Amino acid sequence: MASSMASKSAAESAAEQLIVNKYGAMRTELNQIYSKITELEMEVSEHSLVMNAIQALDPSRRCYRMIGGVLVERTIKEVLPAVQRNKEGLEEVIARLNEALEKKKIEIAEFEAKHKIRIRKSDDVLDDSSKKEGSAQGVLVGPAGGSES
């Protein structure tokens, strides 16, 4: 009988570990999406700065553009539309990533509800200990500085 209890708890522990691992992977994926969105938003900002800097200049003026690690000489007339297209493409990718982010948030919320997952924060730990009024658990710590005068 003791061996059947031990095997049940081992199986439950393994199942819990699988749930925790899957939840961790989902959270990691969510963080990766956030990071990618932030990175692409920075690139859009850089594209806007370049466009604002070169729009007022003479369209026949020479400028240089990095294409695939190679610096290429072009005119502003040629570069400005390409920078604009790249910026629009980045904005489309950001919009798709935002959609994926929302789907992932919903998926994580459903997973949390299904498996009754709660995130414990440091404030929660303090709240939990204060709720146990008659409890003798805990540590009593005196004031910092040691001695009183």
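Trainee: Let's start with arginine 62: which residue's side chain does it meet in a salt bridge?
Mentor: Keep in mind that we're looking at a predicted model. Arginine 62 sits in strand β1 (residues 62-67) and its partner in strand β2 (residues 70-75), so the pair ties together parts that are 11 residues apart in sequence. The N to O distance is 3.5 Å, and the partner is glutamate 73.

Trainee: And how do those two count, buried, partly exposed or exposed?
Mentor: The cut-off for exposed is over 50% relative accessible area, and partly exposed starts at 20%. Arginine 62 has 57%, so that end of the bridge counts as exposed. Glutamate 73 has 41%, so that end is partly exposed.

Trainee: While we're in β1, which residues make the nonpolar surface patch of about 360 Å²?
Mentor: One member is methionine 66, which is found in strand β1. At 53% relative accessible area, methionine 66 is exposed. The full set for the patch is Tyr64, Met66 and Leu71.

Trainee: Stepping back, what pattern does the chain follow along the sequence?
Mentor: Count the elements to begin with: there are three helices and two strands. We've already met the strands, β1 at 62-67 and β2 at 70-75. Read along the sequence, the pattern is α-β-β-α-α.

Trainee: How far apart are the end C-alpha atoms of α2?
Mentor: Helix α2 covers 76-115. With 40 residues at 1.5 Å a residue, α2 should span 58 Å, and the model agrees with that, since the end C-alpha atoms are separated by 57 Å.

Trainee: What about just after α2, which residue takes a positive phi there?
Mentor: Helix α2 ends at 115, and the residue you're after comes just past that end. Its phi is about 50 degrees, and the residue is lysine 116.

Trainee: Which five residues touch the most other members of the largest nonpolar core?
Mentor: Nonpolar side chains tend to be buried together in soluble globular proteins. This core has 13 residues, and the elements giving two or more of them are α1 (2-55) and α2. The ones with the most contacts to other members are Ile37, Leu40, Ile94, Leu101 and Ile108.

Trainee: Which element gives the largest share of that core?
Mentor: The candidates giving two or more residues are α1 and α2. The largest share is seven residues, and it comes from α1.

Trainee: Taking Leu40, which residues does it touch once you leave out those up to four places away in sequence?
Mentor: Leucine 40 is one of the five members with the most contacts inside the core. Leaving out its sequence neighbours, leucine 40 touches Leu90, Val93, Ile94 and Leu97.

Trainee: How many residues are in the second, separate core?
Mentor: Its members include Ile54, Ile76, Val79 and Val83. Ile76, Val79 and Val83 also appear among the buried residues of α2. The count for this second core is six.

Trainee: I see a lysine in that buried set too; how much relative accessible area does lysine 104 have?
Mentor: Lysine 104 lies in helix α2. Its contacts, not counting residues up to four places away in sequence, are Met26, Glu29, Leu30 and Ile33. Buried means under 20%, and lysine 104 counts as buried because its value is 9%.

Trainee: So what salt-bridge network is that lysine part of?
Mentor: Lysine 104 bridges glutamate 107, with the closest N and O atoms 3.2 Å apart. Being three residues apart in α2, those two are separated by about one helical turn. The linked residues are Glu29, Lys104 and Glu107.

Trainee: Which glutamate pairs with lysine 105 in a salt bridge?
Mentor: Lysine 105 is partly exposed at 33% relative accessibility, and its partner is partly exposed at 42%. They're three residues apart in α2, about one helical turn. At 3.7 Å, N to O, the partner is glutamate 102.

Trainee: Last one: what percentage of the chain's exposed area do carbon and sulfur atoms supply?
Mentor: Buried residues make up 17% of the 149 in the chain. The chain exposes about 11900 Å², and the carbon and sulfur share is 54%.

Key
Residues are numbered from 1 along each chain as its sequence is written. This is a predicted model: local features need pLDDT of at least 70, side-chain atom pairs count only at pLDDT 80 or more; totals for chains, interfaces and linings use all residues. Side-chain values use heavy atoms; hydrogens and water are left out. A nonpolar core is a set of buried Ala, Val, Leu, Ile, Met, Phe, Trp, Tyr and Cys residues joined through side-chain atoms within 4.5 Å. Buried means under 20% relative accessible area, exposed over 50%, partly exposed in between (1.4 Å probe, protein chains only). Helices (H or I, at least four residues) and strands (E, at least two) are DSSP runs, numbered from the N terminus. Contact means heavy atoms within 4.5 Å. The expected span of a helix is 1.5 Å times one less than its number of residues. Accessible areas come from the Shrake-Rupley method with a 1.4 Å probe; for residues, only the protein chains shown count as cover. A salt bridge is a side-chain nitrogen of Lys or Arg within 4 Å of a carboxyl oxygen of Asp or Glu. Patches are made of residues with over 30% relative accessible area and no salt bridge: like charges are joined within 9 Å, nonpolar side chains (Val, Leu, Ile, Met, Phe, Trp, Tyr) within 5 Å.
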